[in-house]
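User: Could you take a close look at one part of this model for me, the packing of a pair of helices? I'd like the cut-offs behind each term too.

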Number of protein chains: 2
Amino acid sequence: MKTSIATVCLSGSLRDKLAAASAAGFDGVEVFEPDLVAAPESPEEIRALADRLSLTLDLYQPMRDVEGVDEAEFARVLHRAEAKFALMQRLGMDLVLCCSNVATATVDDDGHSAAQLRALGDVAARYGVRIAFEALAWGRYIDDYRRAWRVVKLADHPAVGVCLDSFHVLSRGHDPVEIERIPAEKIFFLQLADAPALSMDVLSWSRHHRLFPGEGAFDLVGFVAHVLRAGYRGPLSLEVFNDTFRQTDTARTAAHARRSLRWLEDAVARRLAEDAPGADAVAAPPLSRLTAVTPPRGFDFVEITAEDTSPIEALLQQAGFTARGRHRTKPVTLWSAGTARIVLNEQHARGTAPRLSAIGFAVDDPAAQSARAQELDTPAAYRRTYAEEVPLPAVVAPDGTELYWAGYTEGEPDWVVEFEHGDPLRPTEIGVVDHLSLTEPWQVVDETVLFYPAVFALVSAGSTDVPSPRGLVQSRVLCSPDGAVRIPLNVAPPIVAEQGRADGAHQHVALRCHDIVALARQARDRGLRPLRIPANYYDDLAARFDLPAAQIAELRDLDLVYDRDATGEYLHFYTATVGQVFFEFVERRGAYDGYGAGNAPVRLAAQGVE
Amino acid sequence: MKTSIATVCLSGSLRDKLAAASAAGFDGVEVFEPDLVAAPESPEEIRALADRLSLTLDLYQPMRDVEGVDEAEFARVLHRAEAKFALMQRLGMDLVLCCSNVATATVDDDGHSAAQLRALGDVAARYGVRIAFEALAWGRYIDDYRRAWRVVKLADHPAVGVCLDSFHVLSRGHDPVEIERIPAEKIFFLQLADAPALSMDVLSWSRHHRLFPGEGAFDLVGFVAHVLRAGYRGPLSLEVFNDTFRQTDTARTAAHARRSLRWLEDAVARRLAEDAPGADAVAAPPLSRLTAVTPPRGFDFVEITAEDTSPIEALLQQAGFTARGRHRTKPVTLWSAGTARIVLNEQHARGTAPRLSAIGFAVDDPAAQSARAQELDTPAAYRRTYAEEVPLPAVVAPDGTELYWAGYTEGEPDWVVEFEHGDPLRPTEIGVVDHLSLTEPWQVVDETVLFYPAVFALVSAGSTDVPSPRGLVQSRVLCSPDGAVRIPLNVAPPIVAEQGRADGAHQHVALRCHDIVALARQARDRGLRPLRIPANYYDDLAARFDLPAAQIAELRDLDLVYDRDATGEYLHFYTATVGQVFFEFVERRGAYDGYGAGNAPVRLAAQGVE
């Protein structure tokens, strides 16, 4: 379907916004009036610029407080409207958004509002303009799309229809099913925004915290399905007021926004097909589809890059990893333990302290994965490969991490043979990569929360705040439904990010063990010094849980930390941090599915005194 | 009175927090349990450290979910409590905070909760510990201080009393007057926090947005007055969960927190004296007082510092300022117009682009102002003065701006004669400094909002968000009650601050004129080029207001912007920005009391394309 974006979603000048929307592949834009008012370009220039960029100007917005007013106020409304309609003619635009009255309404009567919309429709028609009337969630009298539609129906004017905005409907918890009763030709426009589940006043929520579809808690897929079932075939248009996107790079946000609609169109098409499997293809909306993929079966590898990877090698050796040799053509080594494979890369790494640079996913269908990544217009990552080597398709995640994929195999993947002069894999207590914890800049975390689900079919699984000595760390988890891939994202406190402190950029690789006590002893015997946990922690543990004193003494001796919930137990310990990276070793007992978040403050404090 | 602060208010390790609390002059601290658990120091070390720092350990907190539970759960509560009471003995502590149950309560019955508190009190008494029971605003059953007191009364145990927390009472809108009915000896502790007026769930509000007294919207003065009238004479203790203070410099936040209590004690003493003018001095609580000051009568001067102030001189000349000469002993010049005096300072300014470095206030009683600044433990600013020169007492505001004060005089102040070789003051359209707009780093804006009112008796007057092409600018106004001193504070979007962009640090000096149209013409004739305002702005103005076409043409010709409300009109124009500074010229017509905030987005966009 045709796609559009409101200029208010993006940072910069109106020129910047139009250029970015066009480059990202949008078909049109909504012109947010304050952007035009502040622009040095004349309306004629904007019209010509949009034309050159192949963008349609779909909706002029917003016109506020037009109905429910007394006669004197309505005269002022008409004065304002005539000026705006004349301006729209200069822009070559024919559709204006009128919001339900929040400020000047004094008459709470559908008939009265309808009569005023009808009168406004008469004026609009003279200018070739149509009015899309929208119920704001905080409208003084009209705050429900069903009432807005009743008023439009009463107005009964060809130039007056409704605008539907997912935020205003879903934030109020209104059931969108009745959208299907509105005749298609009276739905003049559709605005889409997601939002996190917040308990706050709806105006602040709307003005500061909207998100692009797929990033929040609203069922945008179901919402759009209702609108399409009503027969709407106009643009899918994004209107996202968000404090972060107002600041971030214009072109990047536009590309991210466009990706959210690509994901949404596909998800809606699947929903419609599920709901009505035998539906008529002719009547179906022209939704563009994505190649289907299944979530990764697990981590194929984890890559750490540094000018000198020796300190990481030392840690891996102490933990029981096997050195599998050096790559045939690159200054890259492979270490493995169980199915956990860690690639250490010294190529193009001058001046780089150890950092987690790439993740490999083991997927069922690499070709499908490649096709989907391309359809989502993801930036490609590049690594040179030679004829006899396994090709390495990859994309760059919003935070710069490179994401590779390769076909899943029961044994070791084909690319392992490219590493030479190493040892055969030895048995160890380590079984598998449990999770990878990434530190996200606050500017990109929302984009990331859409990126992994859209590209790799991961799912978003909750959010928590972790206190550190330097502020709260917001933690959000992405995972595959079976838990084989788990990626907690941590957003460092702004002051830590501003100061470029290393503790704002800790990433870690967590490795799951069969017997963590055995591993901890073996590793200590091989010289590993775990992160020291304070004695006070173990006193508190004894107060919180009825663990035997001998077990607490053992945990304390090995610097193991402990968590328990109704489903099982979680035991883990950490290494020191090298560059930006540290390792965690974990054992999950029973069905424990968390990450020991309660222990993170102790870990963060201990890392602060390292 | 004795003062205390919860360690959770501050960033850093427990050691850092204790050192900062002591240095700031607190008498004691509340030990926040997670801080102790994460600390490498043993309880004995913490006890000895506090002792060396002359800090008492006033309250161990929090112990959660102790009452309203079934028998099995209560056995676990007692296990946990014994361990904690033993720990408190090692710390030498005798008071613990128990919050009303949020998680495990299943019995909604005062008698049941009272019986469990009584049983807990028996155990506590064996360890020499007392329990301060507090109703959390989001307690499952007990969420009101009046019910917490009923339960404590029913428990009827010498080791069981209440803890009162201003946030939990005032956030729910509960009337604090009934505090006066609680016997003093049963109020075991008092926790104080302010908060902004937010409409959001009370748990998030409490965990992220508390403020120090005087920075928010709660009537802390009235609240404390009730508690003191009840007879409470224990510590005034701060417990402020705030995402910013968790990150900012520990010592600085502690000093800021201590200042909030100095201000609060004085304000409470005044309130108590007002309410009961003839009250018995013997029974009065020992509140420390501040020397009284009245708000400044106006701006004495504004100082701009730069290595080369010539570009500013050129602007001032074009605007009609008179060059009043060079200071006798410093590389400093004075420019004036009406009562507006601008000091240009090239001393110690190598590499400095023009920035607003100091503000002088004209006050009624400079000696009282100096005494009050010292009592509030404000950092002093220093400028060398010679024997025959007017002394320059000053403090440094949280954002680094130096704030001076001198006695108010009808004519020019005495220090003007220190400037030589200048011209006599010529008449001009400019009358007075209207306002000074400062850009605040997000880390210090809350501190600033307390600083000016506490030190200079300014008042806080509202907050608004202004969209810019690079994100939302939060704007808050401090002013004297008569409007003679007005200081809008602007908080730049984080990304602008992170990138150190100049547009994140625009400061401006607004000068009020008798006839702005005349001034704009004169300035243009003298070569001033105002900031260009786009034509679209004037088209929009015509749509919004019924101004005569000739007037709009005149505004447009002179790049004047316009605002109007029910009380009057506001006309203004801006200069280009030099370094971090620009000038605004304003005319207020009628009783207009704002700042043309609606025009700020247009100005910000125009500055972005300069």
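Analyst: Happy to help; here is the helix pair, followed by a glance at the contact between chains.

This is a predicted model, in which local features need pLDDT of at least 70 and side-chain atom pairs count only at pLDDT 80 or more, while totals for chains, interfaces and linings use all residues. Residues are numbered from 1 along each chain as its sequence is written, and chains are lettered from A and ligands numbered from 1 in the order in which they are written.

In chain A, helix α16 (residues 535-544) and helix α17 (residues 549-558) have axes that come within 10 Å and cross at roughly 155°. Helices here are DSSP runs of H or I with at least four residues, and strands are E runs of at least two, numbered from the N terminus. Axes are lines fitted to C-alpha atoms, for helices over the stretch in contact, with angles from 0 to 180 degrees between N-to-C directions. α16(A) and α17(A) are therefore roughly antiparallel to each other (over 145 degrees). From α16(A), the contact uses Ala535(A), Tyr538(A), Leu541(A) and Ala542(A), and from α17(A), Ile552(A), Leu555(A) and Arg556(A); being in contact means C-beta atoms, placed from the backbone, within 7 Å. By class, that is six nonpolar, no polar and one charged residues (Ala, Val, Leu, Ile, Met, Phe, Trp, Tyr, Cys and Pro are nonpolar; Asp, Glu, Lys and Arg charged; the others, Gly among them, polar).

Between the chains, 47 residues of chain B are in contact with 47 residues of chain A. On the side of chain B that touches chain A, α16(B) gives the largest share, eight residues. By class, this side of chain B has 24 nonpolar, twelve polar and eleven charged residues.

Notes:
Angles under 35 degrees count as roughly parallel, over 145 as roughly antiparallel, 65 to 115 as roughly perpendicular and the rest as oblique. Two residues are in contact if their C-beta atoms, placed from the backbone, lie within 7 Å.
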